[in-house]
Structure formats: structure tokens, C-alpha cells
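Reader: I am new to this structure and would like a close look at a single part of it. Please take one helix, describe what surrounds it, and then place it in the rest of the chain.

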Amino acid sequence: MAHLRIGAVSERTGVPASTLRYLEDQGLLVAERVGGQRRFPPGIVGRVERILALQAAGCTLQEIAALLGDPGDPAWREVALRRLPRLVELQARVAELTRVLEAGLRGEDPPSGPHRNAGSWRAW
């Protein structure tokens, strides 16, 4: 796969070009300059998606930089240990929401769970 221009990365990820430039300025993305234009390596879309997922999980850009680095680095381990409980919590919440939506698609009331106090869609 060829290197991608910033517009193509923006289109494929849904991230504005200005944000991609900012992430590059922060050292989270690396681009070559060809004729004055940024050219991102083929794996950039996956890297941007990982950055977005980590941001959605509440990680700071500094934490994201550490987590995108070497797992053997002490900073990586420190951030991973600090963030892991939050990620486990988010995973549980997503699983619960999945069960609720699946129940709705089957025409059933939402299953009871720790984040609801009623068993009907109207109360949910």
C-alpha cells in the first residue's frame, strides 16, 4: 500500500486534517514530507483508530503516546496498570448495553442490571 496524503487519512478515519496535523505535532503520528505535503505510512489508519479508541476511553495524549510505545517501557506499564480498571469497566458497560439492545431487537424488556432501576423500555 502506498503512503497516504492527509486528505485520504482524514477521509478514511473521519478525523479532520487539522486534528491529524495536531496529532503529528504532538508526536503521535509521523509523516514524511514530499513536495511540501505530508505522506503518512500505510498503517496510519489503524494507528489513528487506536488513538481515537484510547481517547474515548479517557486517556490523555501523554498516556496515549506511552501506550503506543514499547510494552517493555516502564511508562507503558505504569499507564496500562492505571488505565486497565477503567477499560474493564467500559467493557462491562458495553456488554450490558449490547444485552439491552439485543433484548429490544427481540421485542423483550431490557434485562435487569446494576445501571437500571426499572424493567421497561419507558423507564429505562
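Author: Helices (H or I, at least four residues) and strands (E, at least two) are DSSP runs, numbered from the N terminus. On that basis the protein chain has five helices and three strands. Their order along the sequence is β-α-α-β-β-α-α-α. The model is a predicted one, in which local features need pLDDT of at least 70, side-chain atom pairs count only at pLDDT 80 or more, and totals for chains, interfaces and linings use all residues. Residues are numbered from 1 along each chain as its sequence is written, and side-chain values use heavy atoms, with hydrogens and water left out.

The part chosen here is helix α2, which covers residues 17–25. Its buried residues are Leu 20, Leu 23 and Glu 24. Buried means under 20% relative accessible area, exposed means over 50%, and partly exposed is what lies in between (1.4 Å probe, protein chains only). Seen down the axis of α2, the buried residues fall within an arc of 100°, so they line one face of the helix. The arc is taken from the directions that run from the helix axis to the C-beta atoms.

What does this face pack against? The buried residues of α2 pack against α1 (6–13), β2 (32–34), β3, α3 (44–56) and α4 (61–67). Contact here means heavy atoms within 4.5 Å. After α2 comes Gly 27, and its phi is positive, near 85°.

On the α1 side, Ser 10 can serve as an example, since Ser 10 lies in helix α1. Ser 10 has a relative accessible area of 17% and is therefore buried. Leaving out residues up to four places away in sequence, Ser 10 touches Val 15, Pro 16, Ala 17 and Leu 20. Leu 20 is one of the buried residues of α2.

On the β3 side, the residue to look at is Arg 38, found in strand β3 (residues 37–40). The side chain of Arg 38 makes a polar contact with the side chain of Glu 24, at 2.4 Å. A polar contact is a pair of N or O atoms within 3.5 Å; within protein, one must be able to donate a hydrogen and the other to accept it, and residues adjacent in sequence count only if both atoms are side-chain atoms. Not counting residues up to four places away in sequence, Arg 38 touches Leu 4, Arg 5, Ile 6, Arg 21, Glu 24, Ala 31, Glu 32 and Arg 33. Arg 21 and Arg 38 are 17 residues apart along the chain, and their C-alpha atoms are separated by 9.1 Å.

Helix α4, one of the elements that α2 packs against, is linked in turn to helix α5. Glu 63 forms a salt bridge with Arg 83, with the closest N and O atoms 3.0 Å apart. Glu 63 lies in helix α4 and Arg 83 in helix α5, so the pair ties together parts that are 20 residues apart in sequence. A salt bridge is a side-chain nitrogen of Lys or Arg within 4 Å of a carboxyl oxygen of Asp or Glu. Glu 63 counts as buried at 7% relative accessibility, and Arg 83 is buried too, with a relative accessible area of 18%.

The structure holds seven salt bridges. Another of them joins Arg 86 to Glu 89, where the closest N and O atoms are 3.1 Å apart. Arg 86 and Glu 89 both lie in helix α5, three residues apart, which is about one turn of the helix. Arg 86 is partly exposed, with a relative accessible area of 31%, and Glu 89 is partly exposed at 40%. Further along, Glu 108 forms a salt bridge with Arg 106, again with the closest N and O atoms 3.1 Å apart. Glu 108 is partly exposed, with a relative accessible area of 37%, whereas Arg 106 is exposed at 53%. Salt bridges that share partners also join Glu 63, Glu 78, Arg 82 and Arg 83 into one network.

For the chain as a whole, buried residues make up 27% of the 124 residues. Among contacts between residues at least 6 apart in sequence, 36% join residues at least 24 apart.
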